[in-house]
Amino acid sequence: MNRNRKLNRVKKTVVSGLVVTSLIFGNSAFVQAEQVTKEESVYVNAGADGSVTGITVSDWLKNAGINGTISDKSTLKDIQNVKGEETFEQNGEGLNWSAGSNDIYYQGTTDKELPVSVSLSYKLDGKEISPEELAGKSGKVEIHVKYTNHSSVRKKVNGEQEKMYTPFLMATGVILPTEKFTDVEVDHGRIVNEGSNNIVVGFGVPGMVESLDLSGDTAEKFPSEFTVTADVSDFSLGNTITYASASILSDLEVDDDSTLDDLEDDIETLVDSSEELVDGSKTLSEKLGELQDKFEEYADGEKELNKGINDLAAGGNKLAKGIKEYTAGVDSLANGTKDYVNGAKKITDGASQIYGAAKEMPGGYKEFSGGISKYTAGVDEIAEKMKTSGLAQGAASVSAGISELNGNLEKLKESYDSYEAIIAGIQAQAGMTEDEGQKQALLAYAEALKQLSTGQKESVTALASATNEKSKLKSGASQVSGGIKQVADGISAVAAESSKLRAADGKMTTSIQTLTAKLKELSEGGAKLSKNDKKLLAGAKKILKATKSVKSGSSELIRGAAKLKKGSGKLHSSTAKVTDGITKLGEGAIDLKDGMAEFDEKGIQKINEKYEDDFLTLKDRLSALLDISKEYTNFSGIGTGMDGEVKFIIETAAIEKEEEE
């Protein structure tokens with residue numbers, strides 16, 4: 001096995017892992033007993049060209065049995081606990097969380113420079129064009145995505161200090177509707193067509209070529225940019241999402257040196273085997289004389305052997321055909337299992353995020369509902385007393401309460417965006433799953449949420465109408481405070497509208513409770529769905545590995561049987577000529593002996609020298625990258641003794657044609 005084939009094996013292992021990781025966007029943080037781990041997600045908002053406009057960081061401190069304080073470090077600003085009531089004390093970058101036995105989820109902002117960046121440029125019919133100018137245009141469009149790695153360290157490689165880049169994998173997802181985009185192609189990525197959309201996923205590993213000192217065809221397998229081309233009509237583009245992670249090498253589980261050590265063993269074996277072949281060629285030449293003496297005995301048994309070989313070849317073809325059909329079915333089952341597991345994980349993660357965003361809604365509305373109850377109670381009390389001495393003061397309080405209530409309704413309207421974001425999230429999850437049952441369930445939840453949102457908007461509109469400056473509530477209160485003569489009529493109007501407020505409040509409370517209950521069912525159902533995903537995926541991998549061996553063996557069986565049958569036929573028809581052949585074989589053995597000596601000297605030994613000169617350097621570089629990958633555990637800081645993992649999600653702004661006024 002020569003050096004290039006070995007290099008290709010390592011290269012294919014890494015590249016295959018990068019592609020799989022980019023499509024799954026997986027996460028492999030590990031947890032050790034009694035050790036807190038920190039999982040960090042960096043969310044970046046960017047313009048349509050990739051320029052950064054804002055960074056928000058979410059941190060998850062995974063408690064591992066600590067019943068007390070968790071000490072962390074962070075450079076973030078405006079830090080907030082987003083999922084609990086736990087508090088913290090801050091001293092510079094130090095954070096001490098009063099966690100008890102709970103996990104901590106907090107969030108903050110930063111203007112720190114990112115370790116990696118993405119830039120997008122556009123061409124229309126071969127000419128560069130800005131995103132704003134491209135909106136609404138038609139023609140041949142090119143979208144060029146370029147990744148840049150800003151994170152580097154100095155590492156010792158083959159005795160010298162070398163500049164090495166943190167091994168980031170970056171993958172970008174772009175959705176191109178089929179009604180506008182046709183003939184879609186991508187040079188470094190994958191395209192999935194799901195009917196109404198072309199989903200393009202491109203990837204790159206910026207800095208990898210420099211870190212491994214690669215060139216030529218090998219370097220082209222480690223891109224740092226990709227280009228999408230398509231024919232477009234009335235161009236518009238939704239948000240693109242870019243994922244970046246530095247844990248790809250640890251995810252591929254090559255952080256030990258087993259593969260590289262195997263390569264060293266193979267090289268040594270190759271050298272030893274070559275020497276043995278040289279010795280063996282000498283022995284072969286000596287043994288050919290004995291072969292000539294034994295050939296007559298062979299000729300007698302050849303006829304029976306030929307018949308048996310023909311029978312073996314016929315049976316081998318039938319066996320191989322059955323194995324081929326069997327392995328094809330097993331492969332389909334195993335690959336389908338992998339697709340199912342990957343889809344189920346995306347649905348589960350999406351459902352959990354949606355429920356996390358919505359479960360705070362009942363509490364927030366409860367506070368607002370309490371204000372309505374206080375208001376209507378005050379109205380009822382005034383209506384009962386109906387005394388001149390208390391009416392003026394009560395009317396003034398009611399009037400002020402109506403104005404405050406109307407102002408609070410404006411704040412409640414801000415929750416509309418949350419409903420729309422949740423509905424969009426559920427619909428996006430439905431679009432990513434291939435399971436029709438799951439898709440229909442998600443769409444049903446989205447429709448129910450849309451109806452609830454519509455009900456809320458109608459209720460809030462009714463409340464706003466009932467409490468504005470021109471409403472009967474407000475005019476009734478003004479009549480009460482304006483004079484005792486109109487007290488009875490004003491109170492009656494206010495009391496009548498109060499009953500409508502109570503009815504609308506009840507409808508709103510019920511709608512929100514129903515919504516959160518349904519979202520909770522969705523989240524819990526998704527957790528049950530993916531409970532056995534790891535076992536399913538492990539089983540699928542074992543099945544694929546086993547069937548690969550079976551298919552390889554069946555192919556060898558067919559080829560071997562065919563060769564054996566063909567050779568046997570020739571042997572059967574040419575037995576008389578074998579003696580002459582053995583004589584020539586003896587002469588060839590002498591040539592073989594001389595050739596093997598030359599092959600060992602000029603071939604195998606040269607390969608060994610090349611390995612020692614070149615591949616050991618590549619091994620050192622790869623080992624250094626493994627260390628860098630394990631060392632890059634956070635972006636905004638991490639507590640002493642913690643394990644961590646960080647991923648970056650960069651979302652670019654959509655490109656849309658401006659509406660004409």
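## A buried ring to start from

At 0% relative accessibility, Phe226 counts as buried. Its partner in an aromatic pair, Tyr147, is buried as well, with a relative accessibility of 2%. The two ring centres sit 6.2 Å apart with the planes at 50°, so this pair is tilted. Tyr147 belongs to strand E10 (residues 139-149) and Phe226 to strand E17 (residues 225-232), so the pair ties together parts that are 79 residues apart in sequence.

## The model as a whole

Please keep in mind that this is a predicted model. The mean pLDDT of the protein is 75, with 53% of its residues at 70 or more. Over residues 1-33 the pLDDT is below 50, and this stretch has 59 contacts in the model beyond near neighbours in sequence. Where pLDDT is low, the predicted coordinates should not be read in detail.

The protein has 661 residues, of which 39% are buried, and its secondary structure comes to 14 helices and 19 strands. Of the contacts with a separation of 6 or more, 77% join residues 24 or more positions apart. About 36400 Å² is exposed, and carbon and sulfur atoms supply 50% of that area.

## More aromatic rings

Across the whole structure, a search finds eight aromatic pairs. One of them joins Phe168 and Tyr632 edge-to-face, at 5.3 Å centre to centre and 75° between the planes. Phe168 lies in the loop between strands E12 and E13, and Tyr632 in the loop between helix H14 and strand E19, so here the pair ties together parts that are 464 residues apart in sequence.

Phe168 counts as buried at 1% relative accessibility, and Tyr632 does so at 18%, since the cut-off is under 20%. Both rings belong to one aromatic cluster with Phe635 and Phe648.

## Nonpolar cores

Phe648 turns up again in the largest nonpolar core, which has 53 residues; Phe648, Val42 and Tyr122 have the most contacts inside it. Strand E8 (residues 116-124) gives the most to this core, with five residues. A second, separate core has 19 residues, including Ala171, Phe203, Val205 and Leu625.

Beyond its neighbours within four places in sequence, Tyr122 is in contact with several residues, among them Ala48, Pro131, Leu237 and Ile655.

## A buried asparagine

Which strand holds Asn198? The residue lies in strand E16 (residues 197-204). Asn198 is buried, with a relative accessible area of 9%, and its side chain makes a polar contact of 2.9 Å with the side chain of Asn193. Leaving aside neighbours within four places, the contacts of Asn198 also include Val174, Leu176, Phe181 and Ile191.

How values were computed:
Residues numbered from 1 in each chain as written. Predicted model: local features only at pLDDT ≥ 70, side-chain atom pairs only at ≥ 80, totals over all residues. Heavy atoms only, no water. pLDDT = per-residue confidence, 0-100. Contact = heavy atoms within 4.5 Å. Helix = DSSP H or I, 4+ residues; strand = E, 2+ residues; numbered from the N terminus. Buried < 20%, exposed > 50% of the residue type's maximum accessible area, 1.4 Å probe, protein only. Polar contact = N/O pair within 3.5 Å; in protein donor to acceptor, adjacent residues only side chain to side chain. Areas by Shrake-Rupley, 256 points an atom, 1.4 Å probe, with all protein chains shown as cover. Core = buried A, V, L, I, M, F, W, Y, C linked by side-chain atoms within 4.5 Å. Phe/Tyr/Trp six-rings, centres within 6.5 Å; stacked < 30°, edge-to-face > 60°.
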